[in-house]
Amino acid sequence: MATQLKHHIPLVLDQPFQEELSFWNRRRLAPAFPQNMSPASFGDDIVMQRLQHAFLEELRKEVIEEAAEAPTDADGFIAWFEKLKAIGPGQQDRLFPWLADEASRDELRWFLSQEAAGEAGFDDLVALTQVKLPARAKLELARNYWDEMGRGNPKGMHGPMLGQLIDILDLDTRIENTVWESLALANAMTAMASLRAYAWHSVGALGVIELTAPDRSAHTARGLRRIGLSGSERRYFDLHAVLDVKHSRDWNDEAIRPLVAEDPRRATAMAEGALIRLRCGARCFERYRAHFGLE
């Protein structure tokens, strides 16, 4: 597709493009060998980088006016940011109480397949984002990353916990079977974390995940408990329902606040990143509700 895209720009918010971007992200971030590099791969990467940038800028257009209204002083910005938990796009979506109390096992499996396939890997996103950040923020991201790594205990690593749930429920996480809205969420997060021109956007996007994830995780865990999963089997969601509350508080105090105090321009970028993440999530929830006939 990259060769075909050299001559025309496709819609960036559609299934074919998001699948292609997902496959490209998987390839470019995977450990490889020198012989995997070639003039042809360089050419394709240049095309995909341009298209990735166009995709991010399309998402920015949706939020730029709202983000410009965010305060640029540290205290004011934190107050604005924390309100996103209540009034941000996709918050209090009726999908999650339904998942908790009514969804069947197969409906929960479909939802979790989409969510798992669209999971960009919070640990890797944090690792990519922290490169060359100021020391105080870098340390907070390091502490967050260490928690994601189970503080050195393989059994406590968050990624394998999700992997265990994928195996238990036999989830289908293939890119080609994932709705574009979920792929777009992962692609947006990957782009912001890996492109240094969007590093401050990534700090805001990751921070708003920590801010808003606990309630959604608690509802999902309740649904999994209702269909019979044990505490160890649903541990990924039980853990995030509690741990992310502390992560959010620390992220705001130790990363966002000092970064904005040092350079107020970062507030606007973080606001854009947070709103991009929330709008991508809201698109997913709307698509999921349509799939389940909840509209």
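Exposed here means over 50% relative accessible area, and buried means under 20%. I wrote that down before opening the model, which is a predicted one.

**Entry 1: two loop residues with positive phi**

I began with Asp 170. Is Asp 170 buried or exposed? Its relative accessible area is 58%, so I put it down as exposed. I found Asp 170 in the loop between H9 and H10. Its phi is positive, about 55°, although Asp 170 is not a glycine.

Lys 132 went on the page next. This residue is not a glycine either, and its phi is near 65°, a positive value. Lys 132 sits in the loop between H7 and helix H8 (135-148). With a relative accessible area of 77%, Lys 132 is exposed.

**Entry 2: the largest pocket**

I then turned to the pockets. How much space lies in the largest pocket? I noted about 760 Å³. The lining of this pocket is made by 37 residues, and those closest to its centre are Glu 115, Glu 119, Leu 162, Ile 209 and Tyr 236.

Next I listed the elements that give two or more residues to this lining: helices H6 (105-117), H7 (122-129), H9 (158-169), H10 (180-194), H11 (199-226), H12 (235-262) and H13 (265-292). Which of the elements gives the most to the lining? I have H11 down for that, with six residues.

I also sorted the lining of the largest pocket by class, and got 18 nonpolar, ten polar and nine charged residues.

**Entry 3: the second largest pocket**

I noted about 460 Å³ of space in the second largest pocket. It is lined by 18 residues, and Asn 25, Arg 26, Glu 119, Ala 120 and Thr 190 are the closest to its centre. I was pleased to meet Glu 119 again, since I had it among the residues closest to the centre of the largest pocket.

Helices H2 (15-29), H6, H7 and H10 supply at least two residues each to the lining of the second largest pocket. By class, I counted nine nonpolar, six polar and three charged residues in this lining.

**Entry 4: helix H2**

H2 had come up in the second largest pocket, as a helix that supplies at least two residues of the lining, and I gave it a page of its own. Does the length of H2 fall where it should, or what span do its 15 residues call for? At 1.5 Å a residue I expected 21 Å, and the end C-alpha atoms are 21 Å apart, so the two agree.

At the start of H2, I found a side-chain oxygen of Asp 14 within 3.1 Å of the backbone nitrogen of Phe 17. Which residues of H2 are buried? My list reads Phe 17, Gln 18, Glu 19, Glu 20, Leu 21, Ser 22, Trp 24 and Asn 25. Asn 25 was already in my notes as one of the residues closest to the centre of the second largest pocket.

**Entry 5: cysteines**

How many disulfides does the structure hold? I found zero. I looked at Cys 280 and its closest cysteine sulfur, in Cys 284: the two sulfurs are 7.2 Å apart, which is too far for a bond. A disulfide would need the pair of sulfur atoms within 2.5 Å. Starting from Cys 284, the closest cysteine sulfur is that of Cys 280, again at 7.2 Å.

Both residues went down as buried: Cys 280 has 4% relative accessibility, and Cys 284 has 1%.

**Entry 6: a few distances**

I finished with some C-alpha pairs. Ala 68 is in helix H3 (residues 39-68), and its 55% relative accessibility makes it exposed. How far is Ala 68 from Ala 271, C-alpha to C-alpha? I read 7.9 Å, for a pair 203 residues apart along the chain.

Asp 45 is in helix H3 too, and I have it as partly exposed, with a relative accessible area of 25%. Asp 45 and Lys 246 are 201 residues apart in sequence, and their C-alpha atoms are 39 Å apart in space.

My last pair starts in helix H7, where I found Ala 127. Ala 127 counts as partly exposed, at 28% relative accessibility. Asn 144 is 17 residues from Ala 127 along the chain, and their C-alpha atoms are separated by 9.7 Å.

Key. Residues numbered from 1 in each chain as written. Predicted model: local features only at pLDDT ≥ 70, side-chain atom pairs only at ≥ 80, totals over all residues. Heavy atoms only, no water. 1 Å grid on protein atoms, 1.4 Å probe; cavity = no way out; pocket = protein on both sides within 12 Å on 5 of 7 lines; lining within 4 Å. Points joined across faces, edges and corners; volume = space filled by probe spheres on them. Helix = DSSP H or I, 4+ residues; strand = E, 2+ residues; numbered from the N terminus. Nonpolar A, V, L, I, M, F, W, Y, C, P; charged D, E, K, R; others polar. Buried < 20%, exposed > 50% of the residue type's maximum accessible area, 1.4 Å probe, protein only. Expected span 1.5 Å × (residues − 1). Polar contact = N/O pair within 3.5 Å; in protein donor to acceptor, adjacent residues only side chain to side chain.
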